[in-house]
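Me: I should like to work through a protein model step by step, with the reasoning set out for each point. Please take the questions in turn.

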Amino acid sequence: MPHYSPSWVLKLTMGLIGMFAFLQVYSVQAILPVLITDFAATEVQAGMVVGATVLAIAIMSPFLGMLSDAVGRKVFIVGALLFLAIPTALIAQSPSIGWMGVWRFLQGLSVPGITVVTIAYIGEEFEGRAVTELMSFYVSGSVLGGFMGRFLLGHLHELIGWRAGYYVMAAMTLLGALWVTKMLPASRQFVANPNFRSAIQTLGEHLVNRYVVTSCLLGACVLFSLVGCFTFINLHLADTPYELSTGALANIFAVYLLGVIITPLSTTLLRRFGSARTVRVAVVVSMLGVLLTLVAPLWGVVIGLAVMSSGVFITQSATISYIAVNVKKGRSLASGLYYMGYYAGGTLGAWLGGIAYARGQWSLTVWLLLFVQVLALLVASMGMIKTKPHAA
């Protein structure tokens, strides 16, 4: 496999892997107001249906990274996609919000087998500019998947109901697994490391590695903001005076598509300004976006969401690149730890966001999000070592 110029098929495949990994993760956000009615659930219960998948991803990320170091890359990615289709279909059978949470948790168990392992695969098989290029396609794909899941399920609910909608999503995931089986080249540079003791030693090194710890903390703040914002804005916009339907809420998520455009552009910012400065600016942009969602007109809320998510996507891309460039040993384990921090933050965002929304509606949720983004700014300012802008 060439080290320098990935083919368009490989770029497309990386994008599709990212898309199918995230198609299910946040899909339920578009139908939260419906679930609250159908299952007579509270805001906190609805938030934790989102958080269940995110929690499972947080728990499994470091372990699947270690397992993949021993077993291989492609087999893991394909297997995880195949497994993901099963709980996706079972969600359609949920008799209660509790059971839906169980199936959502099982979905999350398989996601790190795609995300963590794909990042390790790119880092091993390519170098230089090709790493940045493929990583940006993968992240763009994951952003597209985050949008598509919400958009499709919101509209599928209006057409055939959310239960049948999940069967459609399961079929799509199976098709994705077949594409990756056929199109993703087998690893050439992978060297199996089944030594558990050496993995534990690497884990110990990572836990005191400034690059890894800073990235994990930053990731936690990033996903806290994103999950807290995009989960509870649905309840805000389904309520008076907006009273949006699931289809209209699904359309609001089109702002996510900005991330598909913004993420590849972030590589230019990274080359010019380096990770630390890029992250600080992106977090401030994100904070301004969150504040904008407090305005009354719907178009103002939508602009706020667009600005907020753009800042988050740039931060995420910069943080992942920061790990890829600065951590050379135990890459998939480092990625696993990053995702553990990232998704632990998302779980807290779903839980604490639910409590904030139940007590003070959207305005209190916004102040919670701003508090966490100030923490992100502190982490980026104090923790990130100013690395020279890289030409990779």
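The questions below concern this predicted model.

Me: Which residues touch the most other members of the largest nonpolar core?

Reply: The largest nonpolar core holds 119 residues. Its largest share, 18 residues, is supplied by helix α14, which covers residues 331–383. The two members that touch the most others are Met100 and Tyr343.

Me: Which residues does Tyr343 touch, not counting residues up to four places away in sequence?

Reply: Tyr343 is one of the two residues that touch the most other members of the largest nonpolar core. With residues up to four places away in sequence not counted, the residues in contact with Tyr343 are Phe22, Tyr26, Val54, Ile57, Ala58 and Leu223.

Me: How are α1 and α8 oriented to each other?

Reply: Helix α1 spans residues 8–22 and helix α8 spans residues 162–183, and their axes lie 10 Å apart. The angle at which they pack is about 150°, and an angle over 145 degrees counts as roughly antiparallel. Therefore the orientation of α1 and α8 is roughly antiparallel.

Me: How many nonpolar, polar and charged residues has the contact of α1 with α8?

Reply: The crossing of α1 past α8 is left-handed. On the α1 side the contact is formed by Val9, Leu12, Thr13, Leu16, Ile17 and Phe20, and on the α8 side by Met172, Thr173, Gly176, Trp179, Val180 and Met183. Sorted by class, these residues are nine nonpolar, three polar and no charged.

Me: How are α7 and α8 oriented to each other?

Reply: The axes of helix α7 (residues 129–160) and α8 come within 7 Å and cross at roughly 135°. An angle over 145 degrees would count as roughly antiparallel, and 65 to 115 as roughly perpendicular. The angle of roughly 135° belongs to neither class, and therefore α7 and α8 are oblique.

Me: How do the residues of the contact of α7 with α8 divide into nonpolar, polar and charged?

Reply: The crossing of these two helices, α7 and α8, is right-handed. In α7 the residues Gly149, Leu152, Leu153, Leu156, His157 and Ile160 take part, and they meet Trp162, Ala164, Gly165, Tyr166, Val168, Met169 and Met172 in α8. The division is 10 nonpolar, three polar and no charged.

Me: Is Leu156 of helix α7 buried or exposed?

Reply: Leu156 lies in helix α7. Not counting residues up to four places away in sequence, Leu156 touches Gly161, Gly165 and Val168. Its relative accessible area is 13%, and a value under 20% is the criterion for burial. Leu156 is therefore buried.

Me: What separates the C-alpha atoms of Leu156 and Ala250 in space?

Reply: Along the chain, Leu156 and Ala250 are 94 residues apart. Between their C-alpha atoms the separation is 9.9 Å.

Me: Is His206 buried or exposed?

Reply: His206 is placed in helix α9, residues 196–207. Not counting residues up to four places away in sequence, His206 touches Val212, Val213, Val327, Lys329, Gly330, Leu333, Ala334 and Leu337. Because its relative accessible area is 4% and the limit is under 20%, His206 is buried.

Me: How far apart in space are Arg73 and Phe190, C-alpha to C-alpha?

Reply: Arg73 is located in the loop between α3 (43–71) and α4 (74–91). At 3% relative accessibility, Arg73 counts as buried. Arg73 and Phe190 are 117 residues apart in sequence, and C-alpha to C-alpha the spacing is 7.8 Å.

Me: Is the peptide bond from Thr240 to Pro241 cis or trans?

Reply: Pro241 belongs to the loop between α10 (210–238) and α11 (246–252). For the bond from Thr240 to Pro241, omega is near 5°, and the bond is cis.

Me: Is Glu243 buried or exposed?

Reply: Glu243 also lies in the loop between α10 and α11. Although Glu243 is not a glycine, its phi is positive, at about 50°. The relative accessibility of Glu243 is 53%, and the cut-off is over 50%, so Glu243 counts as exposed.

Me: What does Gln361 count as at 37% relative accessibility?

Reply: Gln361 is found in helix α14, and its phi is near 55°, a positive value in a residue other than glycine. A value of 37% falls between the limits of 20% and 50%. Gln361 therefore counts as partly exposed.

Notes:
Residues are numbered from 1 along each chain as its sequence is written. This is a predicted model: local features need pLDDT of at least 70, side-chain atom pairs count only at pLDDT 80 or more; totals for chains, interfaces and linings use all residues. Side-chain values use heavy atoms; hydrogens and water are left out. A nonpolar core is a set of buried Ala, Val, Leu, Ile, Met, Phe, Trp, Tyr and Cys residues joined through side-chain atoms within 4.5 Å. Buried means under 20% relative accessible area, exposed over 50%, partly exposed in between (1.4 Å probe, protein chains only). Helices (H or I, at least four residues) and strands (E, at least two) are DSSP runs, numbered from the N terminus. Contact means heavy atoms within 4.5 Å. Axes are lines fitted to C-alpha atoms, for helices over the stretch in contact, and angles run from 0 to 180 degrees between N-to-C directions. Angles under 35 degrees count as roughly parallel, over 145 as roughly antiparallel, 65 to 115 as roughly perpendicular and the rest as oblique. A crossing is left-handed if the near helix is turned anticlockwise from the far one by less than a right angle, and right-handed if clockwise. Ala, Val, Leu, Ile, Met, Phe, Trp, Tyr, Cys and Pro count as nonpolar, Asp, Glu, Lys and Arg as charged, and the others, Gly among them, as polar.
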